[in-house]
Amino acid sequence: MSQATDLKFLVVDDFATMRRIVRGLLKEMGCHNVEEAEDGAVALARLKAQKFDFVVCDINMPNMTGFDLLKAVKGDNMLKHLPVLMVTAEARKEDIVLAAQSGAAGYIVKPFTKATLEEKVTKIVQKMGATA
Amino acid sequence: MTMNNGSALAEPKAPAAPAAPAEVFQQLGLITRQLHDALVQLGVMPKLQQAADGLPDARSRLNYIARKTGEAADKVLNSVDSAKLEHTHISEATRRIAADIVADPVKAVASGAVMNFVNDVESATHRIDLHLTDIMMAQDFHDLTGQVVAKVVTLAGELEDNLVKLLVQAAPPEQAHKVELGILHGPVVDPEARSDVVANQGEVDDLLASLGF
C-alpha cells in the first residue's frame, strides 16, 4: 500500500498564501513532492502534462473553478483515477453534495486545521491503497 | 441656445439612413423620461450616483487591504520558515552534544564542545526571538486594514440599500425573491443563522457520511 509521503501532490488555489500553507502542512506530514497551480485551467494543463497522485483543490477560483476542474478530471479517462480533495470556504450543503456527486474524494471547509488535512489525506490514501 | 425652426428637427433635410418611425423615437423618449422621473421620485438617483462615485475609492481601499494582508502573510510565513530551521538546528546540536557527553563527559567539556553548544543555543534562541518579534509586528496589518474595511463596509451598505430600493421597484413581483444559484458564495460569516450551510468540518463529515461517503 502506498504512503502519502511517496505521492506527488498538486495544490490548486488562487491564493498563493493558501497554497503555501497547504504545501507547508503537507511538508510537515512528510510529503515533499508538492507542486502548485493558481487555478483550475493551469492545474488541468499540468495534470495532463505530468504524472500526479493527489490533487488538493480550492473551489472559488478565476478562469476555471474547482468544480469544473473536478468534472474535467473525472471525465478524463487518463485522470479519473486521481483523488481530488476539495479545500474551500464554500460551506453550503448544496456545494458539498455537488462535490461528492461529482467524484470528490473529500471535502474540507476553511478555516481548517493541520489535523483535519492530515486525517483526510491519510484516509484517502488508505482508500487508494485498498482499491489499487 | 435658441431654435428658430422646430420643424427642422422633426424633418431632417438629408438623412444618412432610412428614418425610423417617429413613434419609436417618441416611445423611447417617453420611457427615458418615465425612468428618470421614477428614479428621482424614489430618491435613489442622487444617492446611487454618490455611491457609484465612491466605488473607485472603495476599489483602491480593497486593493490596499489585499496588498497589506498579502505582505503580512508572506512576512509571517518567511519568519516561521526561518524559526523552524533554527529549531531544527538546535534539536540536532542537542542530540549531538548529549551523545558526546554520554560517550566521554570529560572530553566533551575539555574539547570545548559543551561551551560551543551553549553559545550556539544562545545565538539561535536570539535569532528565533527576532523571528517571533517579526511575526508579532506583521500583525499590524489588522489595525490598518480594519479602519479601511470599516469605510468600505459603510460605502457598500449605502450602495446596497439604494440598489435594493431600485430592484424592489423595478422587478416583477414573482421575480423579486428569486436568488441566483449559479454563483459561489465564499466564506460564510454567520453560519449559525443559516440552515443551508455547514458551520464546521464535523457537519461536513456528517453530511458526506449520510450520502455514503
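The following exercises, with worked solutions, concern a predicted model of two chains, A and B.

Residues are numbered from 1 along each chain as its sequence is written, and chains are lettered from A and ligands numbered from 1 in the order in which they are written. Because the model is predicted, local features need pLDDT of at least 70 and side-chain atom pairs count only at pLDDT 80 or more, while totals for chains, interfaces and linings use all residues.

**Exercise 1. The sheet of chain A**

Determine the order of the strands in the sheet of chain A and the sense of their pairing.

Solution. Strands (E, at least two residues) and helices (H or I, at least four) are DSSP runs numbered from the N terminus. Two strands pair if DSSP finds at least two bridges between them.

Step 1. The order is E2-E1-E3-E4-E5, an open sheet of five strands with parallel pairing. Strand E2 (34-37) and E5 of chain A are the edge strands, each of which pairs on one side only.

Step 2. Strand E1 (residues 9-12) and strand E3 (residues 54-57) of chain A are joined by four bridges, and A:Val11 stands opposite A:Val56 in E3(A).

Step 3. E3(A) is joined to E4(A) by three bridges, with A:Val55 opposite A:Val84. E3(A), H3(A) and E4(A) form a right-handed β-α-β unit; right-handed means that, with the strands pointing away from the viewer, the path from the first strand over the helix to the second runs clockwise.

Step 4. Four bridges pair E4(A) with E5(A), and A:Leu85 stands opposite A:Gly106 in E5(A). The crossover from E4(A) through H4(A) to E5(A) is also a right-handed β-α-β crossover.

**Exercise 2. Strand E4 and the core**

Establish how many residues of strand E4 (residues 84-88) of chain A are buried.

Solution. A residue is buried if 20 or more other C-beta atoms lie within 10 Å of its own, exposed if 12 or fewer, and partly exposed in between, with C-beta atoms placed from the backbone.

Step 1. Five of the five residues of E4(A) are buried. A:Val84, A:Met86 and A:Thr88 point one way, and A:Leu85 and A:Val87 the other way. In a regular strand the side chains alternate between the two faces of the sheet.

Step 2. A nonpolar core is a set of buried Ala, Val, Leu, Ile, Met, Phe, Trp, Tyr and Cys residues joined through C-beta atoms within 7 Å. The largest one has 41 residues, and A:Val84, A:Leu85 and A:Met86 are among those with the most contacts inside it.

Step 3. Residues are in contact if their C-beta atoms, placed from the backbone, lie within 7 Å. Not counting residues up to four places away in sequence, the residues that A:Val84 touches include A:Val55, A:Cys57 and A:Leu70.

**Exercise 3. A positive phi**

Locate A:Asn63 and classify its exposure.

Solution. Step 1. A:Asn63 lies in the loop between E3 and helix H3 (66-74) of chain A.

Step 2. Its phi is near 70 degrees, a positive value in a residue other than glycine. Most residues other than glycine have a negative phi.

Step 3. A:Asn63 counts as partly exposed because it has 13 C-beta neighbours inside 10 Å.

**Exercise 4. Chain B and the contact**

Describe chain B and state how many residues each chain gives to the contact.

Solution. Step 1. Chain B has eight helices and zero strands. Of its 213 residues, 5% count as buried.

Step 2. The contact takes 19 residues from chain A and 18 residues from chain B. On the side of chain A, H4(A) gives the most, with five residues.

Definitions and conventions: Two residues are in contact if their C-beta atoms, placed from the backbone, lie within 7 Å.
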